[in-house]
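Here's a quick tour of one helix and what it packs against. Have a look at the model first, then read on.

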Amino acid sequence: MTLAEKLGEIRLNAVKARLGRTFLPFALIASQCGFPNANSLRNLFKRRFGISLRDYRKQRARPVTRTSGNRPPAS
């Protein structure tokens, strides 16, 4: 594996992590992970993993739940 290929894998792994734990816009994720724009990220991600950014996020998103500890007791 070349250095460029390794860097690409690191960047894509960072994208996958952000998609699974945030709801940041794809353009911002692309910028944070070193891609020139959201379209290039979309194309590369789909080609590499066979799934769109949106579908990957839907599959991996962790639901946000409320805990009862933050609410006052019911009377």
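## What H3 packs against

The buried residues of H3 pack against three helices: H1 (3-21), H2 (26-32) and H4 (53-60). Helices here are DSSP runs of H or I with at least four residues, numbered from the N terminus. Buried means under 20% relative accessible area, exposed means over 50%, and partly exposed is in between (1.4 Å probe, protein chains only).

This is a predicted model, where local features need pLDDT of at least 70, side-chain atom pairs count only at pLDDT 80 or more, and totals for chains, interfaces and linings use all residues. Residues are numbered from 1 along each chain as its sequence is written, and side-chain values use heavy atoms, leaving out hydrogens and water.

## Two sides of the helix

So who's tucked in? Ala38, Leu41 and Phe45 of H3 are buried. Looking down the axis of H3, its buried residues fall within an arc of 60° (taken from the directions from the helix axis to the C-beta atoms), so they line one face of the helix. Over on the other side of H3, Asn39 and Arg47 are exposed.

## Crossing H1

H1 and H3 pack at about 95°, their axes 12 Å apart (axes are lines fitted to C-alpha atoms over the stretch in contact, and angles run from 0 to 180 degrees between N-to-C directions). That makes H1 roughly perpendicular to H3, a label for angles of 65 to 115 degrees. On the H1 side, the contact (heavy atoms within 4.5 Å) is made by Glu9, Leu12, Val15, Lys16 and Leu19, and on the H3 side by Leu41, Leu44, Phe45, Arg48 and Phe49.

Notes
Helices (H or I, at least four residues) and strands (E, at least two) are DSSP runs, numbered from the N terminus. Angles under 35 degrees count as roughly parallel, over 145 as roughly antiparallel, 65 to 115 as roughly perpendicular and the rest as oblique.
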